[in-house]
Amino acid sequence: MTKTILTAAAAAALPLSAGAQAAEPSPPEAMKHAAPALAEYTKDTLFGDVWKRPGLTPRDRSLITVAVLVSTGKSQQLPTHLALALDNGVTPAKIGGLITHLAFYSGWPNAVSAVEVADKVFRERGIPASELQSAESALLPPPENDAPRAAAVEKNMGPISPSLAQLTNGVLFDDLWRRPDLTPRDRSLVTIVALTANGDADQLGFHLQHGIANGLTREQLGEAMAHIAFYAGWPKAFSGANALGKLDK
Amino acid sequence: MTKTILTAAAAAALPLSAGAQAAEPSPPEAMKHAAPALAEYTKDTLFGDVWKRPGLTPRDRSLITVAVLVSTGKSQQLPTHLALALDNGVTPAKIGGLITHLAFYSGWPNAVSAVEVADKVFRERGIPASELQSAESALLPPPENDAPRAAAVEKNMGPISPSLAQLTNGVLFDDLWRRPDLTPRDRSLVTIVALTANGDADQLGFHLQHGIANGLTREQLGEAMAHIAFYAGWPKAFSGANALGKLDK
Amino acid sequence: MTKTILTAAAAAALPLSAGAQAAEPSPPEAMKHAAPALAEYTKDTLFGDVWKRPGLTPRDRSLITVAVLVSTGKSQQLPTHLALALDNGVTPAKIGGLITHLAFYSGWPNAVSAVEVADKVFRERGIPASELQSAESALLPPPENDAPRAAAVEKNMGPISPSLAQLTNGVLFDDLWRRPDLTPRDRSLVTIVALTANGDADQLGFHLQHGIANGLTREQLGEAMAHIAFYAGWPKAFSGANALGKLDK
């Protein structure tokens, strides 16, 4: 645990090249010099408190952090957080799966930039190809009770954009969501994170319910919103948490 | 057509320096290594299917793609997509017009970063200054029936922000929209793309109607939303398509 | 005044390394070549008109511009606008305070990238550590009448995300907002700018009222929306101005 936390503290702001070797427990000199109060919040609040809270495992916190960084295009912070994610137990294949998933949920440009960084991190660590995402995988069985969702897309989106309706049912839900490189629970988690971090309120209600059906608890989602606050800003997290609060109503 | 598609496939992820020479038919090594499933989607779904769909010309798909990249600040993917746009028949003057237009609709910083990349691409291709945007152009005649729009801005925005109302009517609509470097139809298209890609829902209804008045069809706009899904993410495209569906109601 | 305006004109697009020495009165060659109409708007409308309007001081316009750039992650334009902000009377300690504040309101990644640029600008200018933000400062007294706000957060957010509720009251409002490196008025201004530039409509109503309570006038806020239009795009500014217009209703 100590090792993870130390690495995490360093991960906040180390330069791009430091990558996997990050082991310094304190924020970088530039931050301590130009904004020392921010360095204190980074050390005491973000890494000394939030990352240690029991509501989510370090592995889930890494998954959430990387999902924010990929889906909002923050490549600069990605090398150290990918390294931390690997240290926290997120496998290289899952990182490939996360980037592939977020290509659809936050656009190809974010994914293309992220995969370049990830490939570099994987190569620096000497991770063999056998541990990376596989292109050809047997798909998971189609989820039960998916027919109403598919029918609603066809009925509501079909007349507006036949292509978007067809790609949503044929590629997004019947292929991407059935890939085995992420569990449905983790796929829901990174989707919810990307929607929250990008302010995509329209789709959040559906995916929060979908995520709960896939095994995420309300407590985990509430804690995820607090974690997202630090990586995508308070307003996005508050809107996400409010969407979570509206689920019952 | 084959040439365009091959160039397009390469355009997804080639490094910044590859630029106009891009001719490889397959995604880059980094993606094939670290996220091979994403490489398959890029090859089979995005370039092998979506870019070939008949609902929009390759020229319009390039205009849409470049508008997403400029308006969301994705400079890293811009060199190869600018090169592809030129191959697909978007003229250098129109690219200058697009960047100028999106300075207003997505902020100066995105445009300033984009124009630096565009200038480099233009110079590498040896495009003469006579083919580039001209600063001094006779404006198109003012659009008919614009008085109610201008009056609404004055009435509704004038009391809140006199500067914003005056700049909207005096500069945005009475100058920028009347520049001849983009047709009103193309100007509407890149505006709708920028609003959709940035989640600017408040203004989308007006601009969708404005775009239809300027010659865009509902079918083209529906297909544009499917294309945008790949470059700005599914949630933004779904919200945009839903705004399109609400036009009749 | 002339000096400031000349510096401002150059600040629009000079390359990263030009920094504090910026003194050219005209847009860069790349823009004049590839998008000369944009260069004209930059010179005549943005710097020749908007920056000179009397509704806001140059110092406030710099604060607004830097807040947009930091909160939307536009690091490329930051060096010259930080230099301009220093010329316009924004102190180095306030810049550190602004970045610290916007870490919370737009996410750590934006702040971490910004602080690296700021540190470089400060060092190039030879600004002594005594003029920079201080980590250890006596907090301002808690604001009067804050109890209802804190109670509302506890009541509404507590059941959804106990961590987010506790961090909002314990760290955000009871610590960050009480730091002396920004006045409450300036803290409100950069918060409103960040919310507007990022489309965070849900929280804008509260912060506009909070800002007026902290000394911002409606006229200043209306003028700020016109300034934001140029740095975050027209749609974000229109939505922000509409939120301002709804305050009375």
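Let's start with one residue, Lys94(A). Its relative accessibility is 17%, so Lys94(A) counts as buried, since the cut-off for buried is under 20%. Keep in mind that this is a predicted model.

What does Lys94(A) meet in a salt bridge? The partner is the side chain of Asp186(A), at 4.0 Å from N to O. Lys94(A) sits in helix H6 of chain A, and Asp186(A) sits in helix H10, residues 184–197 of that chain. So this pair ties together parts that are 92 residues apart in sequence. Is Asp186(A) buried or exposed? Asp186(A) is buried, with a relative accessible area of 3%.

The pair has company. Salt bridges that share partners link Lys94(A) and Asp186(A) with Arg59(A), Asp60(A) and Arg185(A) in one network. Over all chains, the count comes to 48 salt bridges.

Two other examples. In chain A, Arg53(A) forms a salt bridge with Asp49(A). Their closest N and O atoms are 2.8 Å apart. Arg53(A) is buried, at a relative accessible area of 12%. Asp49(A) has 27% relative accessibility, so Asp49(A) counts as partly exposed. Now chain B. Asp181(B) and Arg179(B) form a salt bridge, with 2.9 Å between the closest N and O atoms. Both of these residues are buried.

Let's step back to chain A as a whole. How many helices and strands does chain A have? The tally is 13 helices and zero strands. From the N terminus on, the elements run as α after α. Chain A has 249 residues, and 62% of them count as buried. Next, take the contacts in chain A between residues at least 6 apart in sequence. Of those, 69% join residues at least 24 apart.

Now, helix packing. Two packed helices are described by the angle between their axes and the distance between the axes.

First pair: H4, residues 58–71, and H6, residues 92–106, both of chain A. The axes come within 10 Å. They cross at roughly 40 degrees. H4(A) and H6(A) are therefore oblique to each other. Which hand does the crossing of H4(A) and H6(A) have? The crossing is right-handed. Who makes the contact? On the H4(A) side, look for Arg59(A), Leu63(A), Val66(A), Ala67(A), Val70(A) and Ser71(A). On the H6(A) side, look for Lys94(A), Leu98(A), Ile99(A), Leu102(A) and Ser106(A). So our opening residue is back: Lys94(A) is part of this contact. By class, the contact of H4(A) with H6(A) has seven nonpolar, two polar and two charged residues.

Second pair, in chain C: H4, residues 58–71, and H10, residues 184–197. These axes come within 9 Å and cross at roughly 45 degrees. That makes H4(C) oblique to H10(C). H4(C) passes H10(C) in a right-handed crossing. From H4(C), the residues that meet H10(C) are Arg59(C), Asp60(C), Leu63(C), Ile64(C), Ala67(C), Val68(C) and Ser71(C). From H10(C), they are Arg185(C), Asp186(C), Leu189(C), Val190(C), Val193(C), Ala194(C) and Ala197(C). What are the classes in the contact of H4(C) with H10(C)? Nine residues are nonpolar, one is polar and four are charged.

To finish, three single residues.

Number one is His101(B), in helix H6 of chain B, residues 92–106. His101(B) is buried, with a relative accessible area of 0%. Leaving aside neighbours within four places in sequence, His101(B) is in contact with Leu176(B), Trp177(B), Leu182(B), Arg187(B), Val190(B) and Thr191(B).

Number two is Asn110(C), in helix H7 of chain C, residues 108–124. Asn110(C) is buried too, at 6% relative accessible area. What does Asn110(C) touch, not counting residues up to four places away in sequence? In chain C, Asn110(C) touches Val70(C), Ser71(C), Thr72(C) and Gly73(C). In chain A, Asn110(C) touches Lys74(A).

Number three is Gln220(A), in helix H12 of chain A, residues 218–232. Beyond neighbours within four places in sequence, Gln220(A) is in contact with Gly55(A), Leu56(A), Arg185(A) and Gly215(A). Arg185(A) also appeared in the salt-bridge network. How many residues separate Gln220(A) and Gly97(A) in sequence? They are 123 residues apart in sequence, and 21 Å apart in space, C-alpha to C-alpha.

Definitions and conventions
Residues are numbered from 1 along each chain as its sequence is written. Chains are lettered from A and ligands numbered from 1 in the order in which they are written. This is a predicted model: local features need pLDDT of at least 70, side-chain atom pairs count only at pLDDT 80 or more; totals for chains, interfaces and linings use all residues. Side-chain values use heavy atoms; hydrogens and water are left out. Axes are lines fitted to C-alpha atoms, for helices over the stretch in contact, and angles run from 0 to 180 degrees between N-to-C directions. Helices (H or I, at least four residues) and strands (E, at least two) are DSSP runs, numbered from the N terminus. Angles under 35 degrees count as roughly parallel, over 145 as roughly antiparallel, 65 to 115 as roughly perpendicular and the rest as oblique. A crossing is left-handed if the near helix is turned anticlockwise from the far one by less than a right angle, and right-handed if clockwise. Contact means heavy atoms within 4.5 Å. Ala, Val, Leu, Ile, Met, Phe, Trp, Tyr, Cys and Pro count as nonpolar, Asp, Glu, Lys and Arg as charged, and the others, Gly among them, as polar. Buried means under 20% relative accessible area, exposed over 50%, partly exposed in between (1.4 Å probe, protein chains only).
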